Amino acid sequence: MAELKYDKNGRLLFTKEMKDEGYTILAPSMAPIHFNIVRNVFVHSGYKVEFVDTAGPEIAQTGLKYVHNDTCYPALLVIGQLIHALQSGKYDVNKTALMITQTGGGCRASNYIFLLRKALKKAGFEQVPVISLSIGMEKNPGFHLTVPLIRRVLAGLVYGDVLMLLSNQTKPYEVNKGESMNLVNEWTKRLTDEFAKGDSYRPKEIEEYLDKICESFARIEVRKTPKVKVGVVGEIYVKYARLGNNDLEKFLADQDCEVNLPGIMGFALFKVDNRLEDIKLYGGSKAKFQVCSVLFNYLEKLEGMIIKYTKKYGFTPPGEYAHIKKLVKPVIGYGSKMGEGWLLTAEMLELAESGYENIVCAQPFGCLPNHINGKGAVRKIKELNPKANIVTIDYDPGAPKVNQENRIKLMLAVGKEELEKQNK
Amino acid sequence: MKLGLDIGSTTIKCAVLDDNNKLIYSTYQRHYSQITEKIGEILSTVKNEVDGVENATVALSGSAGMGVAESCGIDFVQEVYATRVAANTFIPGTDVVIELGGEDAKILFLSGGLEVRMNGTCAGGTGAFIDQMATLLNVPLEELDELAKKHEKTYTIASRCGVFAKTDIQPLLNQGARKADIAESIFNAVVSQTVAGLAQGREIEGQVVYLGGPLTFMSELRNCFDKTLKTKGICPENSLYYVACGAALCSSKTIDFDEVIGKVKNYKGAGNFAFNPPLFENEEEYNKFIERHNKAYVETKELKGYKGRAYIGMDSGSTTVKAVVLSENCELLYSKYMQSKGNPVELIKSFLEEVYEINPELDIASSAVTGYGEDIIKNAFSVDYGIVETIAHFTAAKHFMPDVQFVIDIGGQDIKCFKIHNGTIDNLFLNEACSSGCGSFLQTFANALGYSIEDFANKGIFAKHPVDLGSRCTVFMNSSVKQAQKDGATIEDISAGLSLSVVKNALYKVIRATSPDELGRRVVVQGGTFLNNAVLRAFEQEMGVEVVRSNIAGLMGAYGAALYSMEKVKDRENSKSSIADKAYLDNFVHTIKVTNCGLCNNNCRLTINTFSGGKKFIAGNRCERPITKKAPKNDRNIFSYKLELLSQYKPVEGRRGTIGIPMGLNMYELLPFWWRFFTELGFKVVHSPYSNRKIYQKGQQTIPSDTVCFPAKLMHGHIKWLLDEGIENIFYPCMSYNFDEGLGDNHYNCPVVAYYPEVIKNNMKGIRDINFIMPYLGIHRPKDFPKKALESLQRYFPNLTLGEVKAASKAAYKEYENYFSKLRIRGDEIINEAEQNGREIIVLSGRPYHIDPEINHGIDKLISGFNVSVVSEDVVSARAPEFHTAVLNQWTYHARLYAAANYVSTRDDMQLVQLVSFGCGVDAITTDEVREILERNNKIYTQIKIDEITNLGAVKIRIRSLLSAIGRE
């Protein structure tokens, strides 16, 4: 075990020695495709990152034991998962660190890291440092989110978004079952190999790869029988993580639906854009505005590539950020930035507009921003687009899967009826 | 021919339709969770009784049948969808269907834009809720309807869930309210929950159809809906079979009956339910366990002919009344355990009569009473002492274990636990909303599965795989239990699993403990629920500690009260108890009158009890005013002062028109700012009044999220009030940020406070006819503020100038400062006065909007009635320097809480009580942190959860326990 060092407030730091000693850095998985690809970005930079992807009821049980039970479900799961991993005996707890994201917004999520530290203390893992994966929040001598690292992570997210989008659009229709997932796995392998070498993150390389990836998916033989098209939006963890949403994607697939999960890129753009909007709304430093604009423009460029190549091969491209931002204007103000903020509402509008009228809005029970942007906005969305068929589902350790699935089935029954009407 | 099955949460319905869609066969049966067996049984019967049914198309509906249908090859139809198909077929022209089931409530809008709604994660207002309430009133379900028909008045009862409603109903019962009125109130609660929770702003009009068990069987419930909706709905023939008929109508596939019956019989779900280790490895372990617990034993002695001195202890609890007579050597002479049935006075009277009957010469030295009914019993029977429950339980626990460190009491409907530090009660936990899981919970399950509670509990003792059911709402536990059964869990596994979940609920939800070291190793457990050996064992197992349980675990409150009365008596030889004697009982009269106080805006509903000899006892009051007829002194209560101060911001006529401000959430603090700002600009500023029930109801139907906090829900009513006043401009800005008071890492508002105007905009149609002004404004940047404010206001008021706005802004910032300095000056005065007179100071902490009387339910008055001074967190937060918290300290209001906790920790004469609104997500973080700050400094943390309706009885217990712990009671 490396020497334990603390900052002036008594926070245990992740030191350079820890990095050099090859500490394993455990982080919770969320969107499996994305996270698998991104892992090697960290490995390449010398961080032995491992995304924990465990499941099962004992995760929530562990969370309930160490976290305030009224805390949002994602915190409960993520913390439960990490502590469960430390308790599993699989890792040397004296040579392990944890890492979770911290956005710094006005939502409870910014506090996950502190709740994790409290839980570690309760569980007797005080020697395990926690790294905040954030821009400008907590600093650690042994971990630096450098510009090259950020660029590589972003490239990983781009690949992840594209693979997720393509497989979602081909899988339900493929003639030879399993072909889409095979392609996802193949590309994941290739891209992780590239990342291990530190390559394939430059815009030009990304373009080349996107072209190839989209082309390969376009070659999958499909039979386009009409299916109920379902969009999924929600609090980011519950939206993507199967642990958080009781494997919603699989359930929808089993119900013979085509699923559309808007990508992580939109969220990244949204979070950067918030900093610009803040300055526009309340005033602020011009220099900060400039820096954020550079990042924002870079992200938009990446987004443009996703749109360009998915379109090129006849896939439904993701809604363009600038467009969905315009869509939401009559419904929610741009200042609503906590959690998924107005983006969540905007995604629902965009999904309904592009043929995915059947929507699951997934949130942790009692999610504060979703009172505003989710449940609070449904009425207005339906007014603007009467076809929108939205069901809001709460997730928490006590909400039984049966009840959730039953409500989704109701939404699907209405969607199916609509589909049959159209095909008559 | 078509056949439909409907597998509901408690019943199975089957319907067969002929080719003209005429119902030719139907059956309705309770399934006692034996779902697969019942399906097979019903299918066999149908096959024998209905000719030609083999060729019928078949479909299955109902949430409990979901997995079964799929694996047995029957088509599944979602039940709401089935209802809709049936309604369209049988009653064309239906506009709205309201259907209540066992655990579901649904509204379907069929005309003018199809919408189907189902209750979300909260199960209030369903059949299960009505069942629970009937149990609480101790009347059969059928009688509930008959009772309701005889009502004279209705009370407001929360219908969100049984736990909430119980806390409303119990005090009413204890105060002597009529059951008929309560029955009607329960129905009204169901109506309001359904309408508010599911309609979400959409009008229910046109032809309304009522379906489902509760609405079919209870005509008064239908009446209540009719009255609220101002319509006359119909409950069609066969209303119970609509889902089944709908499934039949949707069916398209025939089945092979024998094959399906076979499959259903052999149905084993996934077979993989999560389970815990068994409670006992073997018989031997069990015997040792029993032997160990038999040691804590209270000796008994015959009451008849007993000559010595006697002590009487009574515990008038929420659902049960317990009473004991002790000898001078603490032996049990007589005891009684009674279901409270809503009238503790009658029960205690009969208890005393029995005692006097058995031993007419009994020499009673002293007596004491505790529990919810303490006040009324003490008054009715001149009991010597009334003590708070925690003290009673502690006294009893000490008797069995003098160095006890932790006492946990799980009763029928309550969980009470406390730590003992240096011989005094140090930390109190009570169960609250959404943490049910007490004795009655096991009882309900036992009954639902067709067992007595004793048999059911014993089944769990040797279970091999106790099901892991988690710990949440009873209603949802139901679905989890059904799922586990489908997955192959036995009754034994479920029984043990439920016992475990009671324990886990208590430990992780109520106490928030993770290890025995947090509780201390010396633990006494009590309460009727612990007489159940499976629960006792589960507790020991989960905590890894051996505890003490006495043979009178269910009577500990009463036993403790008797012991207390013994301790208090100075002269053990000659003292004479004041308790009612036989002559008094013979002539005992008790009349009850219910009235509204009306002396202040809390408008408490008073129950005036009159006893023999004209003795009066008033219940339901928050302050002494209805008794003394004098207004309580406000000079020791900052909450009253704040309200007074805010009411000084009165409208001033202005040249530019009127601006309306809704008095809710952050406006409780920012009114001075905006009032000055707009008044300076030449507007007449009108704000809605402080909240009351009527205002809440005005906007109730437009609330889109039933789980948002009550203060936010109130906002809808305030906007409606302003609209009704005909005000042309309503100003309610969005504010991500609040003022930076330099207490924390950032200065956000919580998402709900920050963006609630968006919810108003998107859900209240009325605002479209006026100017609803809701710009995003940043008062945290005074320099940028005027320009930004002007930009957003010019849209509505083009002739505003920057100069004017600058001047107005300056005045506004000044006004805000003024308000705060006035507040702090008064706060300092209160503190100084308390210091001089040696009075305890309670820092009643929460959010600015917690001063709203409809939100705090007069808790401030109740507390100051205990002869303590009350200040708020913002009075003392400025006294504390910035310090480092163990959480991200990023919200302005919450930073004050931490600072206040930190300051309180430095003073011996201050205690912090935190008000927490139910559903406040942020407080999941703040409560733990505030608790840690206080406990680190050896202070007691007291939390009071408040919602739409709050049980002041529980609040009283908390406050009294706190005061007694610090030696002030």
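In what order do the five strands of the open sheet in chain B stand? Select them in this predicted model. The order is 12-11-10-13-14, and the pairing is mixed.

**Sheet edges.** Pick strand 12 (332-339) and strand 14 (385-387) of chain B. Both are edge strands with a single partner strand each, so one side of each has no neighbour in the sheet. Look along the sheet next: from one strand to the next, the twist averages 15°.

**One strand pair.** Now show residues 309-316 and 320-327 of chain B, which are strand 10 and strand 11. They pair in the antiparallel sense, over seven bridges. Label Ser316(B); opposite this residue, in strand 11 of chain B, stands Val321(B).

**Helices on the sheet.** Add helix 14 of chain B, residues 374-381. Helix 14 lies across strands 10, 13 (363-370) and 14 of chain B, and runs at about 150° to strand 13. Then add helix 22 of chain B, residues 556-568. Helix 22 packs on the sheet and touches strands 10, 11, 13 and 14 of chain B. Its direction makes about 135° with that of strand 10.

**Across to chain A.** Turn on both chains. Here 59 residues of chain B are in contact with 57 residues of chain A. On the chain B side, select the elements that give two or more residues: helix 3 (79-90), strand 8 (115-118), helix 18 (474-486), helix 19 (491-511), helix 29 (751-763) and helix 36 (923-936). Which helix of chain B gives the most to this side? Helix 29 does, with eight residues. Finally, colour the chain B side by class: 27 residues are nonpolar, 23 polar and nine charged.

Note on methods
Residues numbered from 1 in each chain as written. Chains lettered and ligands numbered in written order. Predicted model: local features only at pLDDT ≥ 70, side-chain atom pairs only at ≥ 80, totals over all residues. Contact = placed C-beta atoms within 7 Å. Helix = DSSP H or I, 4+ residues; strand = E, 2+ residues; numbered from the N terminus. Nonpolar A, V, L, I, M, F, W, Y, C, P; charged D, E, K, R; others polar. Pairing = 2+ DSSP bridges. Axes fitted to C-alpha atoms, helices over the stretch in contact; angles between N-to-C directions.
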